[in-house]
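New to this one? Here's a quick briefing to help you find your way around.

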Amino acid sequence: MTTAPWEPNYRSRLVGGSVLLTADHGEWTIISESEFTKLQSGIFPPPMLDNLVNKGLLRTPENILLIDQMLKKWHSSNANGPNLHIIVLTRRCNLQCTYCHASAKPVSSVGQDLSIDTAKEIVDFIVTTPSNDIKIEFQGGEALLNWEVLVEVVEYGKHLSHICGKKITFCLTTNATLLSKEKIEFLRDNCVSVCSSLDGPSWIHDIYRHSNGKGTFDLVARNIELANNLGVNIPFLTVLTRQSYSNYRTIVDFYLEHNANMLCLNPVKPLGLAKSQWDQLGYDCTTEIQYYRLMLDYMFEKIRSGQFILERMFNLALNKITSSSDVTFTDFRNPCGAVFGQIVYDIDGVIYPCDEARGFKELALGTVRSHSFEDIAHSHLAMTIRDASIPQAKECMVCAYKPFCGICPILAFASSGTFTIDPSENRNCQVNLFLFDYLFNKIVCEPEDIKLILKIKMVENAFSEAAMRNNGVTV
C-alpha cells in the first residue's frame, strides 16, 4: 500500500454499484466502492495510484503540466473560431408546421428574402472569421424558395475559397417539397449536402408537417428517393412530439426500414409556434426521459439482433467519453457553440449567436455591415451567453458529468427571460444527467453492449477512411 502527496482532481458519482471519477479535461475511470473508500483515505495500491495520476484524476507536482495540456486539448474545439455559419435565405415557408420554432412567414409575404447583395456581404464577413474550415448552411423558412441566392452564395463562396485559401463546404436544410431534378443535380455537382425532415411514417409525419391542411409525407418521400437515384443521399431528422414519443418503436423501425443507422431525433422545443401549443406538443421532462429510456432500450434490442442503429445524442455522449477532446457538435459542447462554434445571419445581415436565438431580436449581436467578428466575439452579450452555457450552479460544481454536459442558455432565456440556469428545472440538465447515467451504467453493468457498438463503429470508420483514400482524400 502507498501513501503519496497528491490532491484530488475528480468528481465522483455512484453508477451501477461502482464509482465513476471524472476530471474537467474529460478523463474518467470507474473503481469499486471499496477502492473509493481507500482513495478517500489516501492509502491504496500503487497500480491504482499510477492509473489515477496518469489520467490526471489526482494532481501531483509531476503531472500539473500534463493536466494543463489535457485540459487545452479537451477544449480545442472552442479554439479555432466558428466553423458553422447558418444563412437564412428566406423567412417564408410553403408549409405550416404546427411546431415551427422559426415562426416562418407565408409564401406570399413580401420583403422576407435575402438579397444577393446582402448575401455577398454575409459571405465576405464569414471568410474574415478565424476558422480555416468553414461550413455554410442554408436555412429558412424554406431555403429553396430563394433558389437564385442559394446558387449565388455557392458560386461566390467557391470563388472566395480560392482567393483566401480557406476550405468552404455547403449544406442545405430543406423540407424537400420543392426539390427537382435540376436542383438536385446542382446540389450534387457542387457538393452541397442536404438534410430534410421525416417525422416517421405518413400517419405520424402528416399530423404536424402539412401545407394548406394536406400532409407532405408522400411528396417528401418521393423527392428523397429521386435525390438518392441522382446520387444525393438525404439523411433526415425527426421532431419528437407527444405523438412520436408514444410510438417510439415505430420511429426506430422507420429509420431501419429506410437504411438509416443514425437516429437523428430533435425533441420539440418551446420556441416560436410550438411555445403557444406546448400542452398539445410537448411533455414534461420526467415523461420525456421515460420515453427516451424506452427508445434507447429498444435501440439496444435492435443492435443485439444485428440491426445497427444509434441515437445521435447517445452517440455524441459516447464520442465524448472515448475522445481526448470535446465533440464539435455545437449544441452539445461545454461551453456551447453559440458565437464561437456557430453564427446565424438573418435576411437583413443581422447576426445572431445561434439558430435558437434568431427568434429574439434582443439577442442580435450586430450586422455584417457595421461589425467585425472581433466586435461580436468580444461583446458583452456574446460573453454572457458563453459563460451561461458553462455549468456553474452549486449542483454542477460537484456533478461528475460537468465536463461532458452541454446546456443551452437560449432555451433558458426563452422560458424565463434570463440566461441563468437552474439544473433542477432545466430540461438540458435533466436529460444530460439521465443520458450519462444510462451510458455509464451500460459500461458497468452491460459492457458487452458498449463493446459491440465500439467494434461496429471502428469497422465503419475503417471502411470510411479506405473509401476516402480510394478517392484521393488524405486521412
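What follows is a short tour, from the whole chain down to one helix and one residue.

Keep in mind that this is a predicted model. The protein chain has 20 helices and 18 strands. Its radius of gyration is 23 Å, close to the 23 Å that the globule rule gives for 475 residues, so the chain is as compact as a globular protein of that length.

**The whole chain**

- Measured out along its principal axes, the C-alpha trace spans about 75 × 50 × 50 Å.
- Of the 475 residues in the protein chain, 52% are buried.
- Take the contacts between residues at least 6 apart in sequence: 68% of them join residues at least 24 apart.

**Surface and charge**

- The protein chain has an accessible surface of about 21300 Å², and carbon and sulfur atoms account for 52% of that.
- There are 43 positive and 52 negative charges in the chain, and the mean positions of the two sets are 1 Å apart.

**Helix H6, a helix with two sides**

- Helix H6 runs over residues 181-189, and its buried residues are Lys183, Ile184, Phe186 and Leu187.
- Those four cover an arc of only 160 degrees around the axis, which puts them on the same side of H6.
- Some helix background helps here: an α-helix has 3.6 residues a turn, so residues three or four places apart point the same way.
- Flip to the other side of H6 and you'll find Glu182 and Asp189, which are exposed.
- What do the buried residues of H6 pack against? Their partners are two helices, H5 (147-164) and H8 (217-229), plus two strands, E8 (167-173) and E9 (192-197).
- After H6 comes cysteine 191, and its phi is positive, near 55 degrees.

**Alanine 143, a residue in a loop**

- Look for alanine 143 in the loop between strand E7 (133-139) and H5.
- Is alanine 143 buried or exposed? Its relative accessibility is 0%, and buried means under 20%, so alanine 143 counts as buried.
- Leaving aside residues up to four places away in sequence, alanine 143 touches Leu89, Thr90, Phe138, Leu172 and Thr173.
- Alanine 143 and aspartate 355 are 212 residues apart in sequence, and their C-alpha atoms are 14 Å apart in space.

Terms used:
Residues numbered from 1 in each chain as written. Predicted model: local features only at pLDDT ≥ 70, side-chain atom pairs only at ≥ 80, totals over all residues. Heavy atoms only, no water. Rg over C-alpha atoms; globule rule 2.2 N^0.38 Å. Buried < 20%, exposed > 50% of the residue type's maximum accessible area, 1.4 Å probe, protein only. Contact = heavy atoms within 4.5 Å. Areas by Shrake-Rupley, 256 points an atom, 1.4 Å probe, with all protein chains shown as cover. Lys, Arg positive; Asp, Glu negative; His and termini not counted. Charge placed at Lys NZ, Arg CZ, Asp CG, Glu CD. Arc of directions from axis to C-beta.
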